[in-house]
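Here is a short tour of one protein chain, moving from the overall picture to a few places that reward a second look. Keep the viewer open as you read.

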Amino acid sequence: MLDEDGNKVKITTTTRTRKLAKARLSKRAVERRIMAEPSTAAATSTTADPPPPVTKRWADEEDEETEASSTATATEASSVNLDSLKIEDNDENPPKLLDDPDDSSIQKVTSGETPYTSAAKFEDLNLSPELLKGLYVEMKFQKPSKIQAISLPMILNPPHRDLIAQAHNGSGKTTCFVLGMLSRVDPKVQAPQALCVCPTRELANQNIEVLRKMGKYTGIASECAVPTDSNALSIAKRAPIMAQVVIGTPGTIKKWMSFKKLGASRLKILVFDEADQMLAEDGFKDDSLRIMKEIEKVNSNCQVLLFSATFNDTVKNFVSRTVKEDHNKLFVKKEELSLDAVKQYKVYCSDELAKIEVIKDYIFEIGENVGQTIIFVRTRNSAQMLHKSLVDMGYEVTSIQGALGHDEREKIVKEFRDGLTQVLISTDLLARGFDQQQVNLVINYDLPMKHTASYTREPEPDCEVYLHRVGRAGRFGRKGAVFNLICDQKDERLMSKIENHFGTRVAEVRAQSVEDYKGALKEAGLLQ
DNA sequence: TCCATGC
């Protein structure tokens, strides 16, 4: 079987073909990795026999592997050798593939005298053999990423202090807290011991998939606390939760707790994914505090972990007062948040219709084979409107937003994950955490805005959401591009505020210039 | 005119 570059790829299914074809590695990145890590050189050397597995040193959520493992075993996956990998050279900007995106400094503030040694290997963390097997065999990790190396000893070692941790998009945050939960749970105790709260059902689902995969050999049971048809009707009738790990959304978790079906007395660890949003005034603050208080009432020593790629100053301040005083914290400067892994562009459009034309006549045409695309819009209504416009024009796109039923939402996400759809229109529902490695293109049909009560006030961009949206492309250190569509002075001001905030400059692509789009995609490493 | 999350 040949991939699109004519290289031999041994695979079993067509879905697998698409995935592998997209899963390109840069030769240079592999070489650099060999130089940087003599200990793993044998594993990646071309002379190794049998052919080396394409392993991962670190990862955030890993979903494609979940389904891939059902069609292809680990050994089949390892039949991809370096010859089948696409060789790409980018003289201007060496690709950062498979290098840690968090090379930059992480500001570490530890509390008390406890010394923490960064974990160079997973073996340094006193993990159970079953968990280690999950990391190597199921997740195919080699060693901890930077954020994992620093945070895991803080999470796992007594006195189990609370932790606020910021890390780049796609740098492996999920692994930090999933591993933390799996490791701190006692499999022999049949009661909830770890709880994770997420802002969307999609994220809860994704996280529990990662947990089940990583914990495959541990025998630890898990439950996803999101609304479904079955549990919506009969919470009162169902048995109390005995699973050791529960991951879900605030409403359902609160509900299960109030029905006394989810006991908090044995909880050892409470995680807030996307913690800044979970504790923001206009976010889930009330729900989150309520859940924390419910736990505190019956349980005085539950460790709290707060993870996100973003913490603005207001929420950072509040968050620090939310957890115990002797907590540890890890922060990254906003200028160093991995915006540079993904190339950003802006396109001036004369009006809304021009935005749609830019999308279909230029970005879709020129970017046809660069991978999957997410188009972000600001409102549910514009999601539907844009969806209809593009479908009417004959394009195969789908859209997702919170007003859809959960079955429909699940179906649309599944189709996108399976690669059946190439383009997905979404509200900020999918802005955070959604991990789909084939997404190389993000289009901001609308720029993210902060909600302001007053009409008179100058509109402000939501820089945190912007960063999260951008982070949907270039997962796992891959390449990516973002096109920001701008059509009036308001957009222009929002864009320049975003540029100032991150200290970057976003290059312009002329709306009608095929050459500009091609150049942009080439620069982003998505086009030859 | 937000966006999520649930009654």
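## The chain as a whole

Of the 528 residues of chain A, 57% count as buried. This is a predicted model, and chain A has 20 helices and 15 strands in it. Among the contacts in chain A with a separation of 6 or more, 79% are between residues 24 or more positions apart.

## The annotated stretch, residues 120–149

UniProt has two labels for residues 120–149, both from an unreviewed entry. One is "short sequence motif: Q motif", and the other is "domain: DEAD-box RNA helicase Q". In the model, the end C-alpha atoms of residues 120–149 lie 6 Å apart. The span is 47% helix and 0% strand.

Lysine 140 sits in the loop between helix H6 (129–138) and H7. Is lysine 140 buried or exposed? Its relative accessible area is 16%, under the 20% cut-off, so lysine 140 is buried. Lysine 140 also has a positive phi of about 60 degrees, although it is not a glycine.

## The loop after H7

Most residues other than glycine have a negative phi, and most peptide bonds are trans. With that in mind, look at the loop between helix H7 (146–156) and strand E2 (163–166), where proline 159 lies. The peptide bond from proline 158 to proline 159 is cis, with omega near 15 degrees.

Histidine 160 has its place in the loop between H7 and E2 too. Its phi is positive, near 50 degrees, in a residue other than glycine. Histidine 160 is partly exposed, with a relative accessible area of 23%.

## Two buried loop residues

Threonine 218 belongs to the loop between H9 and strand E4 (222–225). At 14% relative accessibility, threonine 218 counts as buried. Which residues does threonine 218 contact, leaving aside its neighbours within four places in sequence? They are Glu130, Leu131, Leu182 and Pro187. The C-alpha atoms of threonine 218 and proline 129 are separated by 8.7 Å, with the two residues 89 apart along the chain.

Leucine 337 is found in the loop between strand E8 (328–331) and strand E9 (342–348). Leucine 337 is buried, with a relative accessible area of 5%. Apart from its neighbours within four places in sequence, leucine 337 is in contact with Gln166, His168, Ala309, Val332 and Leu467. One of these partners, histidine 168, is 169 residues away from leucine 337 along the chain, yet the C-alpha atoms of the two are separated by 5.8 Å.

## H9 against H17

Two packed helices are described by the angle between their axes and the distance between the axes. For helix H9 (residues 201–214) and helix H17 (residues 406–417), the angle is about 55 degrees and the axes are 11 Å apart. H9 and H17 are therefore oblique to each other, and H9 passes H17 in a right-handed crossing.

Which residues make this contact? From H9 come Arg201, Glu202, Asn205 and Gln206, and they meet His406, Arg409, Glu410, Val413 and Arg417 in H17. By type, the residues of the contact of H9 with H17 divide into 1 nonpolar, 3 polar and 5 charged.

## H11 against H13

Helix H11 (residues 250–258) and helix H13 (residues 285–298) pack at an angle of about 30 degrees, and their axes are 10 Å apart. H11 and H13 are therefore roughly parallel to each other, with H11 passing H13 in a left-handed crossing. On the H11 side the contact is made by Pro250, Ile253, Lys254 and Met257; H13 supplies Asp287, Arg290, Ile291, Glu294 and Ile295. The residues of the contact of H11 with H13 comprise 5 nonpolar, no polar and 4 charged.

What are the buried residues of H11? They are Pro250, Thr252, Ile253, Trp256 and Met257. An α-helix has 3.6 residues a turn, so residues three or four places apart point the same way. Just past this helix, H11 is followed by lysine 260, whose phi is positive, near 60 degrees.

Notes:
Residues numbered from 1 in each chain as written. Chains lettered and ligands numbered in written order. Predicted model: local features only at pLDDT ≥ 70, side-chain atom pairs only at ≥ 80, totals over all residues. Heavy atoms only, no water. Axes fitted to C-alpha atoms, helices over the stretch in contact; angles between N-to-C directions. Helix = DSSP H or I, 4+ residues; strand = E, 2+ residues; numbered from the N terminus. Parallel < 35°, antiparallel > 145°, perpendicular 65-115°, else oblique. Left-handed = near helix turned anticlockwise from the far one by under 90°. Contact = heavy atoms within 4.5 Å. Nonpolar A, V, L, I, M, F, W, Y, C, P; charged D, E, K, R; others polar. UniProt positions renumbered as here; feature names shortened; annotations may be inferred. Buried < 20%, exposed > 50% of the residue type's maximum accessible area, 1.4 Å probe, protein only.
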